[in-house]
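Ready for some practice in reading a protein structure? Keep the viewer open and try each task before you look at its solution.

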Amino acid sequence: MRWLIRRVLKRGKGSVSYEDDTHYGDVLTIGRGSDQAIFVPDMRVALEHARITAVAAGKYKIESLILAGIRVNNDLTYATTVGPGAMVEVGTTRIQLLEPPVDYEAGCEVSTIDKAEIAEGEKKKALPTSLSQTWLAKRWPSWTLFALIALFGLVLPLLAHYSPGWRDTLAATPLPHRTAWEAGELASAHHFFGENCQACHGAAFKWVRDEACGACHGNTPAHADPAKFNLPELGDARCAHCHRDHNGRKGLVRDDQVLCDDCHQDLRAKTNGASKLADVADFGTAHPDFSVNLPAWTPDGKFVPVRTPLTKSTREQSGLKFPHDVHLDPEGLNTPAGVRKLDCASCHATDAGDAIMKPVDFETMCQDCHRLDFDVLEPERQVPHGKVPEVIYMLDEFYARRALEGGYNDTTAPIVVQQRRRPGMQMSRQEQVEALAWARDRARAIGASLFTGRACTTCHAVTPGPAAGDPWQIAPVRVAGVWYAKSHFTHAAHDTTVEDMTCESCHDARDSSSATDVLIPAIDNCRQCHGGESATQAVPTTCIQCHAYHEHSALILSELQARAKGAGPAPAK
């Protein structure tokens, strides 16, 4: 089979010439390779790009040899059968299939697509990039949009504000009314005066001044003294820097970490050493070890807790003798009521707010096992758990009455004490003296047994008193009620009903054999669950979750505001 390949050559000034070539074979190959029947010098064309096969009756079968396909009559295809006149485009080359010329079974005409024609085609395909290329204009859409914004954003809210009739009408429709200008829902604490915008803003379109906040919150503690710590974040900060209203019922207090670490990550350097606090930037990666308040008193009896770093060697001198490991024995304890197994909740319970633990109470938590009975003849009677004089007075009173009433069945007691007296039977003066002497001696003996033997010394350190009227002295119990004075902690958030969360998760009490052991968890224990603000594998925890901002012990906000105006007292040097 013979193919006629006619090449169209464009000359200068619009002239055209033709070159005819003959190709033998059924298939006409097209590509950038030198062995192709139609060579296309275009880098976008594959070496073997397509092929055209002449079939019977002047038909041509066109096949693409690449995945991108081939464009035939402006349509992208992979294989098709066409007749004479079909246009095939490969890169910048156009191939038009012809009626078989005389003496040929197939024919085509090969020409180059003009650059102007290519540019015009791309222009037709391109999307409009400006309004001038569309039917839209610039002016009337802008004025229409402006009029709608003015109507819904200005005119209707103004009508609702100044006209009660319009106010009720617009409030019953979805159209904008007075609330369109509101910045958002007020915090829950400010809802009771929410209609009185002037209470905070003073006048329309003015931001909230600190004086407006101080009118209600003047007694709020300050954070630090800006005269002592000359930091712009303290002296120049507005209340609204941290407390931005109109953020919902619970959105008034900031809880992001930047609120704190913008100062505290290099606080000592910023204050030139005036601050003694350690630098803190992130709980998970840049936070010092915890410090706890250990109880201590001055010689005159004033309570002055000592802030002490929490380490493995930290000890608490509570004045108690108490082994946790004995009380938490899994085998149980032998008690007057039988074998009893104790757990943490047997002695420790949280307060009403689940924040801190209630003090351990002897009468309700200890006395069931550690009974204070003192006389085998009356086992239900117990001395009070309290001051030494109260115990002595109770014993004196108890045995004096038994001695004077008689009938006390103790073989070691005098006959006058053992003898049961009939009603109205009087004791002689000598008998009264003998009975009361025995009562006093008996009370002292029982007291000595309680204080120095079987009762008090079990938990307390007991020493002889300096005088006869004060025979025993018990070391005072000094147990820390609040360990973390500079932070707040709630047991409610660490509910033991949560899976895998128990008291032992934080407090290693079962291995504690002394009351001097400080069973408060260190920071490593907390970091098992808590990380910094950006933590992904732990609970994200920011500074405000454990620390309060307004916690100055003496300075309040109203004093700071008065000082800023020059009306308050000068700061102490």
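A quick reminder before you start: the model shown here is predicted.

**Exercise 1. Two helices that cross**

Task: Find which residues of helix 12 and helix 14 meet, and work out how the two helices are placed.

Solution:
- Step 1. Locate the partners. Helix 12 covers residues 388-405 and helix 14 covers residues 429-454.
- Step 2. Look at the axes. They come within 8 Å and cross at roughly 140 degrees.
- Step 3. Name the arrangement. An angle over 145 degrees would count as roughly antiparallel, and 65 to 115 as roughly perpendicular, so helix 12 is oblique to helix 14.
- Step 4. Add the handedness. Helix 12 passes helix 14 in a right-handed crossing.
- Step 5. List the residues. On the helix 12 side you find Val388, Val391, Ile392, Leu395, Asp396, Tyr399, Ala400, Ala403 and Leu404. They meet Ala435, Leu436, Trp438, Ala439, Arg442, Ala443, Arg444, Ile446, Gly447, Leu450 and Phe451 of helix 14.
- Step 6. Sort this contact of helix 12 with helix 14 by class: 16 residues are nonpolar, one is polar and three are charged.

**Exercise 2. The largest nonpolar core**

Task: Find how many residues the largest nonpolar core has, and which of them have the most contacts inside it.

Solution:
- Step 1. Start with the general idea: in soluble globular proteins, nonpolar side chains tend to be buried together.
- Step 2. Count. The largest nonpolar core here has 27 residues.
- Step 3. Pick out those with the most contacts inside the core: Phe374, Val383, Leu395, Tyr399, Val417, Trp438 and Leu450.
- Step 4. Ask where this core comes from. Helix 12, helix 13 (415-418) and helix 14 are the elements that give two or more residues to it. Helix 12 supplies the largest share, eight residues.
- Step 5. Zoom in on Tyr399. Beyond residues up to four places away in sequence, Tyr399 touches Phe374, Asp375, Tyr408, Trp438, Ala439, Arg442, Ala443 and Ile446.
- Step 6. Look elsewhere. A second, separate core has 24 residues, including Ile70, Val90, Leu97 and Ala106.

**Exercise 3. Another helix pair**

Task: Describe the crossing of helix 2 and helix 3, and say whether this crossing is left-handed or right-handed.

Solution:
- Step 1. Helix 2 spans residues 139-162, and helix 3 spans residues 164-171.
- Step 2. Their axes come within 5 Å and cross at roughly 120 degrees.
- Step 3. The range for roughly perpendicular ends at 115 degrees, so helix 2 and helix 3 are oblique to each other.
- Step 4. The crossing of helix 2 and helix 3 is left-handed.
- Step 5. Leu156, Leu159, Ala160, His161 and Tyr162 of helix 2 meet Pro164, Trp166, Arg167 and Leu170 of helix 3.
- Step 6. The residues of this contact between helix 2 and helix 3 divide into seven nonpolar, one polar and one charged.

**Exercise 4. Buried or exposed?**

Task: Decide whether Gly531 is buried or exposed, and do likewise for Thr542.

Solution:
- Step 1. Gly531 sits in strand 19 (residues 530-531).
- Step 2. Its relative accessibility is 6%; buried means under 20%, so Gly531 counts as buried.
- Step 3. Apart from neighbours within four places in sequence, Gly531 is in contact with Phe283, Gly284, Ala538, Val539, Pro540 and Thr541.
- Step 4. Thr542 lies in the loop between strand 20 (539-540) and helix 16 (557-564).
- Step 5. Thr542 has a relative accessible area of 10%, so Thr542 is buried.
- Step 6. Again leaving aside neighbours within four places in sequence, Thr542 is in contact with Asp255, Gln257 and Glu533.

**Exercise 5. Two unusual backbone angles**

Task: Find the sign of phi in Asn74 and in Asn272, then check where these residues lie.

Solution:
- Step 1. Recall the background: most residues other than glycine have a negative phi.
- Step 2. Asn74 has a positive phi, near 70 degrees. Asn74 belongs to the loop between strand 7 (70-72) and strand 8 (75-77).
- Step 3. With a relative accessible area of 56%, Asn74 is exposed.
- Step 4. Asn272 also has a positive phi, near 55 degrees. Asn272 is in the loop between helix 9 (267-270) and strand 13 (291-294).
- Step 5. With a relative accessible area of 74%, Asn272 is exposed.

Conventions. Residues numbered from 1 in each chain as written. Predicted model: local features only at pLDDT ≥ 70, side-chain atom pairs only at ≥ 80, totals over all residues. Heavy atoms only, no water. Axes fitted to C-alpha atoms, helices over the stretch in contact; angles between N-to-C directions. Helix = DSSP H or I, 4+ residues; strand = E, 2+ residues; numbered from the N terminus. Parallel < 35°, antiparallel > 145°, perpendicular 65-115°, else oblique. Left-handed = near helix turned anticlockwise from the far one by under 90°. Contact = heavy atoms within 4.5 Å. Nonpolar A, V, L, I, M, F, W, Y, C, P; charged D, E, K, R; others polar. Core = buried A, V, L, I, M, F, W, Y, C linked by side-chain atoms within 4.5 Å. Buried < 20%, exposed > 50% of the residue type's maximum accessible area, 1.4 Å probe, protein only.
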